[in-house]
Amino acid sequence: MDINKFRIFLAVADAGSFGKASEKTGYTQAGISYVIKSLEDEIGVRLFSRTSTGVRLTDSGKVLLPEIRRVVGSFGSFESTLVAQKTGNMVTIHVGVVDTVAIKWLPRAVELFRKRYPDVLVDANTGDPFEMKEWLERGEADLGICERAWEDRRFRWIHLADDPYVVVFPPGTNAPSPCPFDYLDGKAMYISDYGRERIIPEAFQSIDVTTVPLNDKICNPALVNMIAHGKGCTIMSALSMEACGGGLEGDLKPEIVPLGSEIKRDINIAVREENVSKPVLKNFINCFKEAVAEAPIKKYD
C-alpha cells in the first residue's frame, strides 16, 4: 500500500473535510477525493461518510484510525532513521506529542536542541496520550509529551506545566468569572466523547449539573467558531484554547472565562525508567523545559 494514501486519510480525518485537508496537504479536493476512493477500494471498506459540513469517519474508519496513525508514525521513524544513516549515523530522538503541546512549545524546544546538539535529529509525531503509551511500550518513541492520563511503574513522569480549564461562551454571555459548574446547569454544551478528554466528563459525573449535550465531532478551531456564532458553549483547557489562536477576532470573538474549579491538565514528559538517565534524552528534556519557561500558558481572566 502507498503510505501517502494513509497520510491523506489522516489529514482528512483530522480536518473533517476534503477542503480543509486540501489546504493542509496542497492536494486539490478532487485529488484528495480520488486518493480516499482509491484507498477504500484497495482495503475493501468505506472510511468516510459525507455530512452537511464535511465528512465523518465511518465505524470502520474509527477502528482503523489508530492503526493507520501507528503505521504512518512508524514509517516516519523509519524515514528519519534512514536519513540519519545516510548522513553519518546521526542519533535520532523519537518524540510523541499531543498537538496542543506541539503547536505551543515543540518548535522552540527543537530549535534550542538543534543549536546545541546539531548532530542529533528529532523525529516527532502527534497523537493522543494512549497512543503515546503504545509507542513508548513498543520502542517507537523515546519520549511522550502529553497530559498525565495513565499510570505505569515502567515510566517516569516529568512535570512541565499545569493547564487550567476555561469555559467558552458565545459573545455577550456575560458569564461570571471564574465560572462555577452550577452556571452551566441546563445549558447546551459540547463535551468531548472521543475518550481522549476524560477530566471534564468525569467532573460532570461527580456533580449535580445537567447539560444538553451537543455533537462535538469537529476540530477545536471549528468548535470555537461554532460557539462564536452563538451555538452552545464548551469547556477546554487553556492550552487548547491558545492553540486555536485564542478565539476569533472582532464581533465574532467568543467570551472566555476561567472555570471555577481546581481541576487541570498536568502536562508532562513520559519516559521509560531505563531511559531517564540517557544524556541525549536529558538534554532534550532540559531544552523542552526551557521552551515552556519562555512561553507560559496564557491566562484567561
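Thr234 is a good place to step into this predicted model: this residue sits in strand β9, which covers residues 233–237. Is Thr234 buried or exposed? With a relative accessible area of 3%, Thr234 falls under the 20% cut-off and therefore counts as buried. The side chain of Thr234 has a polar partner, the backbone oxygen of Tyr190, at 2.7 Å. Tyr190 also appears among the residues in contact with Thr234 once neighbours within four places in sequence are set aside; the others are Val166, Val167, Val168, Met189, Leu223 and Ile227.

From here, let's move to the loop between β6 (155–169) and β7 (188–190), where you will find Pro178. The peptide bond leading from Ser177 to Pro178 is cis, and its omega is near 0 degrees. The loop between β6 and β7 also holds Asn174. Asn174 has a phi near 60 degrees, a positive value in a residue that is not glycine. As general background, most residues other than glycine have a negative phi, and most peptide bonds are trans. Asn174 has a relative accessible area of 65%, so this residue is classed as exposed.

Now turn to the start of the chain and helix α1, whose 13 residues run from 3 to 15. From first C-alpha to last, α1 reaches 19 Å, close to the expected 18 Å. At the N-terminal end of α1, Asp2 acts as a cap, with a side-chain oxygen 2.9 Å from the backbone nitrogen of Asn4. The buried residues of α1 include Phe6, Ile8, Phe9, Leu10 and Val12, and Lys5 is one of them too. Just after α1 comes Gly16, with a positive phi of about 80 degrees.

A little further along are helix α2 (residues 18–25) and helix α3 (residues 29–43), whose axes come within 9 Å and cross at roughly 105 degrees. The two helices are therefore roughly perpendicular to each other. On the α2 side, the contact is made by Phe18, Gly19, Ala21, Ser22 and Thr25, and these meet Gln29, Ile32, Ser33 and Ile36 of α3.

Our last stop is another pair of helices, α6 (residues 106–116) and α11 (residues 279–294). Their axes come within 8 Å and cross at roughly 130 degrees, which means that α6 is oblique to α11. The crossing of α6 past α11 is right-handed. Among the α6 residues at this meeting are Leu106, Val110, Phe113 and Arg116, while α11 contributes residues including Val280, Phe284, Cys287, Phe288 and Glu294.

Notes. Residues are numbered from 1 along each chain as its sequence is written. This is a predicted model: local features need pLDDT of at least 70, side-chain atom pairs count only at pLDDT 80 or more; totals for chains, interfaces and linings use all residues. Side-chain values use heavy atoms; hydrogens and water are left out. Helices (H or I, at least four residues) and strands (E, at least two) are DSSP runs, numbered from the N terminus. The expected span of a helix is 1.5 Å times one less than its number of residues. Buried means under 20% relative accessible area, exposed over 50%, partly exposed in between (1.4 Å probe, protein chains only). A polar contact is a pair of N or O atoms within 3.5 Å; within protein, one must be able to donate a hydrogen and the other to accept it, and residues adjacent in sequence count only if both atoms are side-chain atoms. Axes are lines fitted to C-alpha atoms, for helices over the stretch in contact, and angles run from 0 to 180 degrees between N-to-C directions. Angles under 35 degrees count as roughly parallel, over 145 as roughly antiparallel, 65 to 115 as roughly perpendicular and the rest as oblique. A crossing is left-handed if the near helix is turned anticlockwise from the far one by less than a right angle, and right-handed if clockwise. Contact means heavy atoms within 4.5 Å.
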